[in-house]
Amino acid sequence: MKYSNHNQNFLMTKVHQLVINIISSRAKSDSIISDSFINELNNLYQPFMYCYEPDTELVYSMPINAFFISTQLIVGDQYPNEVIWDNSNVAELIDRLRCYKREINREKCVLKYEEGKNKESLGQYITQLFNHHARLIFVRVDLKYAKDCSHLITIEDFHDHIKKLCQMIRNEDTCFRCLQGYAWALEQGGIEGGLHCHLLLIYDGNKRQNDWYIAKEVGEKWKVITGGLGECYSYHDKETKQGYERNGKLGIGMIHRNEPQEVENALDSALYLTKPSKEDQHLKVWLPNMNTFAHGRYRTSDRRGLPPISK
């Protein structure tokens, strides 16, 4: 039986969180086990086993690998549809999963460290752009997929869509003209497991004006890239921006270098892409050497007013 890719993304997220909950709990195994817990495990196990592909190039998070290894040590050669989880083998599973606590926590620490480095790098990049430009337009959008067709999207599809997007950004095609900087972060929803991209685009404020229209153009381009499966959430509608403004947090749209509060808000908005507290949003499955965060380069051959780049 072949399960849909929507189930794959959802299942990987559910299994990942199930393992995190187990190793995070200080309760004894018997205290964790309940009818609802056993039912959840039985509902997850069979479809998970049909989705997990150990012999491919896919890379899984440590909690997911721990779940696969631990369950196989318990059930042996039984087919997934023959396995029934009950009080006895669930207790063993919990004990085995807890043996991976150190490795799982180590992976979390590595991810948190990388987020910190990304935050530092992005902050320096944004500061350099403000030092070079008197005014910049900040555009923030979230690129995702429609709920009714997200089951059609694999991690390979997502990677391919992001590659096409990045190529357009580098070429400054259509809605990316007059672009002075960019950053993006790839994530996976902590509840539904939906794949999405937080995208920051920074334009020359002397050449582009209407941030709402730019965000709309980017959303339309994403839909083309994804063959009509993509959706875009824009932060640039009037009501959303007014809400940020009332709270003194407006950091998108036209940002002036000589307005310190605007610059601070823009920096805060940009650094959301590297927020360490969003640890449940990390990808659960990815491709080898797949970047989940990137930003542009400040020193480029066509950035005016800078010394030439030595060869």
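**Close-up views of helix α9 and the cysteines**

**View 1. The exposed face of α9.** On the side of α9 facing away from its buried residues lie Lys238, Glu239, Glu245 and Arg246, which are exposed (over 50% relative accessible area; buried is under 20% and partly exposed in between, with a 1.4 Å probe and protein chains only). Helices are DSSP runs of H or I with at least four residues, strands are runs of E with at least two, and both are numbered from the N terminus. The model is predicted: local features need pLDDT of at least 70 and side-chain atom pairs pLDDT 80 or more, while totals for chains, interfaces and linings use all residues. Residues are numbered from 1 along each chain as its sequence is written, and side-chain values use heavy atoms, without hydrogens and water.

**View 2. The buried face of α9.** Helix α9 spans residues 238-246, and Thr240, Lys241 and Gly243 are buried in it. These buried residues line one face of the helix, because they fall within an arc of 155° seen down its axis (directions from the helix axis to the C-beta atoms). Their cover, by contact (heavy atoms within 4.5 Å), includes α8 (211-225), β5 (230-234) and β6 (253-256).

**View 3. The residue Gly248.** Gly248 comes just after α9 and has a positive phi of about 70°.

**View 4. Cysteines without a disulfide.** The count of disulfides (cysteine sulfur atoms within 2.5 Å) is zero. Cys51 is in none, and its nearest cysteine sulfur, that of Cys149, is 18 Å away. Cys51 is buried at 4% relative accessible area. For Cys175, the closest cysteine sulfur is in Cys232 at 9.9 Å, too far for a bond. Cys175 is also buried, at 2% relative accessibility.
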